[in-house]
Amino acid sequence: MEQPTITIASFARFRKEFLDEIGMAVQHEFHCKVSVKEVYLDLSGFFDPGRRQYNGDALLKMVDSIDFNGSTKVIGLFNVDLFIPILTYIFGQAQLGGRTGIASTFRLSNKRYGIEDGDKLLIDRFKKEVIHELGHQFGLIHCHAPICVMRSSTYVEDIDQKEPELCSKCSSELHF
């Protein structure tokens, strides 16, 4: 079977070093080719004024509609507050077993919660969120192992308790 190619599509103005770290973490975890692309798009059409957030379902569909030259999986990176109709907010979402996912840094920074912030913590959290959503894209469901990156996360504290990698059970179930 051909090795999968993952495209990390940045829809925000992230520093190159930040994107490189995310890309290296994804490459390390999934052992595949990773391509980082910057995409410039007006996101105002995805903003819900009543919620003052961006519609994750609509953004996921938009990312899915873009052709990234034969990529097996695509994950769109954002820095906006995401929601889906049944949840107050989300860190990201993905098509289970599908091609596309999205993730946002918006709620991952301690600054948002009035606590001293640092780049390392934000990068660590975002790596975990991106790997988690890609895990769904590769067919993995939520895991009950406390430190597995595939454990469900409702709060940033949940993300902090996880490792940035799949547990042995999830790793063995990975579908390429």
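## The β8–β9 hairpin

Strands β8 (92-94) and β9 (residues 100-104) form a hairpin with five residues between them, and Gly-97 in the turn takes a positive phi of about 75 degrees; strands here are DSSP runs of E with at least two residues, helices are runs of H or I with at least four, and both are numbered from the N terminus. The model is predicted, so that local features need pLDDT of at least 70 and side-chain atom pairs count only at pLDDT 80 or more, while totals for chains, interfaces and linings use all residues. Residues are numbered from 1 along each chain as its sequence is written, and side-chain values use heavy atoms, with hydrogens and water left out.

The two arms of the hairpin run antiparallel and are joined by three bridges, with Ala-94 having Gly-101 as its bridge partner in β9; two strands pair if DSSP finds at least two bridges between them. On β9 there is also a parallel pairing with strand β5 (residues 73-78), made over five bridges, in which Gly-76 has Ile-102 as its partner.

## Burial of β9 and Val-63

Five of the five residues of β9 are buried, so this strand is largely enclosed by the rest of the structure; buried means under 20% relative accessible area, exposed over 50%, and partly exposed in between, with a 1.4 Å probe and protein chains only. In a regular strand the side chains alternate between the two faces of the sheet. Here Thr-100, Ile-102 and Ser-104 point one way from β9, whereas Gly-101 and Ala-103 point the other way, and all are buried.

Val-63, in helix α2 (residues 56-65), counts as buried at 0% relative accessibility. Not counting residues up to four places away in sequence, Val-63 touches residues including Thr-100, Gly-101 and Ile-102 as well as Val-74, Gly-76 and Phe-78, where contact means heavy atoms within 4.5 Å.

## The open sheet

Four strands form an open sheet of mixed pairing, in the order β3-β4-β6-β7, and its edge strands, β3 (47-48) and β7, each pair on one side only. Within this sheet, strand β4 (residues 53-55) runs parallel to strand β6 (residues 82-84) and is joined to that strand by two bridges, with Phe-83 in β6 as the bridge partner of Asn-55.

## Helix α3 and Cys-148

The end C-alpha atoms of α3 are 27 Å apart, which agrees with the 27 Å that its 19 residues should span at 1.5 Å a residue, the expected span being 1.5 Å times one less than the number of residues. Of these 19 residues 15 are buried, and the helix is mostly covered; just after α3, Gly-139 takes a positive phi of about 95 degrees.

Cys-148 is found in the loop between α3 and α4 (156-161) and is buried, with a relative accessible area of 2%. Leaving aside neighbours within four places in sequence, its contacts are Cys-143, Lys-162, Glu-165, Leu-166, Cys-167 and Cys-170.

## The largest pocket

About 450 Å³ of space lies in the largest pocket, and the elements that give two or more residues to its lining are β7 (87-90), β8 (92-94) and α3 (119-137). A pocket is an open set of points on a 1 Å grid over the protein atoms alone, where a 1.4 Å probe fits, with protein on both sides within 12 Å along at least five of seven lines, and lining residues have an atom within 4 Å of a point; the volume is the space filled by probe spheres set on the points.

The lining has 20 residues, of which Leu-87, Ile-90, Gly-92, His-142 and Ser-153 lie nearest the centre. These lining residues divide into seven nonpolar, nine polar and four charged, with Asp, Glu, Lys and Arg counted as charged, Ala, Val, Leu, Ile, Met, Phe, Trp, Tyr, Cys and Pro as nonpolar, and the others, Gly among them, as polar.
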